[in-house]
Amino acid sequence: MEQKKITKKFWIKLVSAPILMFAFAYAMVPIYTVFCEITGFNGTTGRIDSEQQYAINENRKVEVSFFAMTMGGFPVQFGPKVNSMTIVPGKFYTASYIAKNNTDETIVGQAIPSVAPTDAALYFKKLECFCFNKQVFKPHEEVEMTLRFVVEPELDKRIKDISLSYNFFKLKK
Amino acid sequence: MTTTHDEHHHGPEKGLMRWIKTTNHKDIGSLYMWFAFTMLLIGGAFAMGIRAELLQPGLQLMEPQFFNQLTTMHGLIMVFGAIMPAFVGLGNWLIPMMVGAPDMALPRMNNWSFWILPFAGGILLSTFFMEGGAPAFGWTFYAPLSTTFAPDSTDFFIFAVHLLGFSSIMGAINIIATVLNMRAPEMKLMDMPLFVWTWLITSFLLIGAMPVLAGAVTMMLTDRNFGTAFFDATGGGDPVMFQHIFWFFGHPEVYIMILPAFGVVSHIIPTFARKPLFGYSSMVYATASIAFLSYIVWAHHMFLTGMPVAGELYFMYATMLIAVPTGVKVFNWVSTMWRGSMTFEAPMLWAISFVFLFTIGGFSGLMLGIAPADIQYHDTYFVVAHFHYVLVTGALWSIIAATFYWLPKWTGKMYNEKLAKVHFWWAVISVNVLFFPQHFLGLAGMPRRIPDYSLQFADFNFISSIGGFAFGASFILLTYIVIDCIRNGKPASARPWEGAKGLEWTLEPKAQYHSFNTPPSRKLIEAESQNS
């Protein structure tokens, strides 16, 4: 019996496997984004398009706390207008953040939201938010930025506190 | 190593060009082993620097930035420069002989996949001399430390990782092609020795995982230089995603570094217990299940990134599951020794201590895999102790065991058994003095990757450093033993170990430059099979 020759087909299989896995590394980027949106993994908040009706239990209360951070030398003062709100799941609320640009330059920034605990992220939905777009801060301008949100009643009954934090990053241009 | 065998029609070329142009699996195996050993000494020197700084609290010898460069480069050099090339070297030397093939299936590619390595290693090491210094973000190079906040030399690091990845993937393709196509026609898959089996499975891990690493560093490269934002939150990216991609590579990677070790030990223990390997087929299936599970547990490295409870539970249970096939293997090794006629030559000493110490590393791994407990252990010296028990007394132990076990076949000569035993006891005691106290440091809360620490950690760090220096010095003796064997060793017989089985032992005492030009017969294969 002779030793087997390496066929063309076998070659193609051997070489295409690493190429496919390289492509898979890139495919993980959209997969990860979709996965986070569906599961609320990593504290990713959801969006909602209209003020829909939920079954509301007025007696149920959840405390929502607001946090603000800035990253990497972002020169704008940024913080929540009120530190926390007591809300009823299923009702829509408006909260706001204040930002003041203390410099002589126009600053462009982007806020990235995160919700903790992560099991609450899936049920934290935003109708509008300053984090949906990049924000432009003119020199010495103070702005009030709003978000309108709802915590869906499907939220786990054991969760009594939710933290929403925004992290502002400076955009290069 | 430069002597030729005149009895064969063509031996190796003479001089330096032999090593540059060679396509012979034995030459390339030797090159890989020497390269890995050199890298081991360089990475070890970095470790000595780390332990010297940690000998006492306070900053003694170096700037924190340089300390971070040392920990980073120690990890990268040991993983990609020492352990992985050493196993590829063992695979090159042994697989063709074990499957009765004349050489590797793709000998020219084999030459190329080796000769990429010195350049990749050189590029990596040269970053020390660049402005801003070498990468200092740890061997896991998490974004944004490695993207936004890293020195310019990071681009050289990325290129080096690309080259190392290419080399490993080509090596893996070569081994798959050799095992599946060049195997002696009479040898069935379940006749194959376990080292061949574990390497075949490792190859599939390599071609699955290394391209993902290449993808991760390519994203880093474009993030750093070409304005993409894979890991940059301002551009819609996510630094946590880096960790997912990295550990999707990183977890199979740790099994890439340990599965061939399982193979080596499965050869040595039956030989010196003078009994057939217990549960050959269960060993094969256990290896395959470990390989499969290694792809679906990566996020247990990330329990503290903020995962939903369901995610933590899944990754915790999946991780626990790996203990089952690993337990099967340990059980089989112990059962092989049970009522065997055991003798304790150097390879056996290394193999038995492998089983014992690797299991300790496995147990601390189980502790780390428990999500609620990991909150305490995460990023402490407990983790450092854990992965050094599995990588040093696991992977490296098996490489040293394999070196002593097959050295007679590679050189035709016998090493100095007495010195080898001295070296073993020196190494096995010092390595435990080095790493065992790190468990306690970690449980007490000492974080990893720091050049300074609070006073309460001083005693254990002192003990650990003393063990470290002793362990480092043991490699001087190892170098001497190997060179002494090559130069002055007494001639070995073709089968120097009484109970050894395997086709490689049917060759001449020093395996001839070209072996198995005619494939072995069915009878010979059956006589030498581990599965009997």
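In which sense, parallel or antiparallel, do β2(A) and strand β10 (residues 161–170) of chain A pair, and over how many bridges? In this predicted model, the two strands run in the parallel sense and are joined over eight bridges.

**The sheet that holds β2(A)**

The pairing of β2(A) with β10(A) belongs to an open sheet of five strands in chain A, whose order is β4-β2-β10-β6-β8 and whose pairing is mixed. At the edges of this sheet stand β4 and β8 (135–137) of chain A, and since each has a single partner strand, one side of each is left without a neighbour in the sheet. On average, and with direction ignored, neighbouring strands here are turned by 30 degrees against each other.

Three of the pairings in this sheet can be set side by side, each with one residue pair that stands opposite across it.

| Strands | Sense | Bridges | Residues opposite each other |
|---|---|---|---|
| β2(A) (62–70) and β4(A) (84–87) | antiparallel | four | A:E63 and A:T86 |
| β2(A) and β10(A) (161–170) | parallel | eight | A:E63 and A:D161 |
| β6(A) and β10(A) | antiparallel | eight | A:Q110 and A:F169 |

A:E63 thus has a bridge partner on either hand, standing opposite A:T86 in β4(A) and opposite A:D161 in β10(A). Strand β10(A), for its part, is paired in the parallel sense with β2(A) and in the antiparallel sense with β6(A).

**A second sheet in chain A**

Another open sheet of five strands, again with mixed pairing, has the order β1-β7-β9-β5-β3 in chain A. Its edges are formed by β1 (46–47) and β3 (76–80) of chain A, each of which has a single partner strand, so that one side of each is left without a neighbour in the sheet. The edge strand β1(A) runs parallel to strand β7 (residues 124–129) of chain A and is joined to it by two bridges, with A:R47 having A:K126 as its bridge partner in β7(A).

**The contact between the chains**

Where chains A and B meet, chain A contributes 28 residues and chain B contributes 30 residues. On the side of chain A that touches chain B, the elements giving two or more residues are α1 (8–39), β6 (107–116) and α2 (118–121) of chain A, and α1(A) gives the most, with 12 residues. By residue class, this side of chain A divides into 18 nonpolar, seven polar and three charged residues. Strand β6(A) therefore appears both among the elements of this contact and in the sheet order β4-β2-β10-β6-β8.

**A helix pair and a loop residue in chain B**

Within chain B, helix α9 (residues 280–294) packs against helix α10 (residues 309–337) at an angle of about 160 degrees, with the two axes 9 Å apart. The two helices are therefore roughly antiparallel to each other, and their crossing is left-handed. The residues that make this contact include B:M283, B:A286 and B:I290 of α9(B) and B:L321, B:I322 and B:V328 of α10(B); taken as a whole, the contact divides into nine nonpolar, four polar and one charged residue.

Elsewhere in chain B, B:L59 lies in the loop between α2 (25–54) and α3 (64–98). With 12 C-beta neighbours inside 10 Å, B:L59 counts as exposed. When residues up to four places away in sequence are left out of account, B:L59 touches B:P451 and B:D452. The C-alpha atoms of B:L59 and B:P451 are 6.9 Å apart in space, although the two residues are 392 residues apart in sequence.

Methods
Residues numbered from 1 in each chain as written. Chains lettered and ligands numbered in written order. Predicted model: local features only at pLDDT ≥ 70, side-chain atom pairs only at ≥ 80, totals over all residues. Contact = placed C-beta atoms within 7 Å. Nonpolar A, V, L, I, M, F, W, Y, C, P; charged D, E, K, R; others polar. Pairing = 2+ DSSP bridges. Axes fitted to C-alpha atoms, helices over the stretch in contact; angles between N-to-C directions. Parallel < 35°, antiparallel > 145°, perpendicular 65-115°, else oblique. Left-handed = near helix turned anticlockwise from the far one by under 90°. Buried ≥ 20, exposed ≤ 12 C-beta atoms within 10 Å, placed from the backbone.
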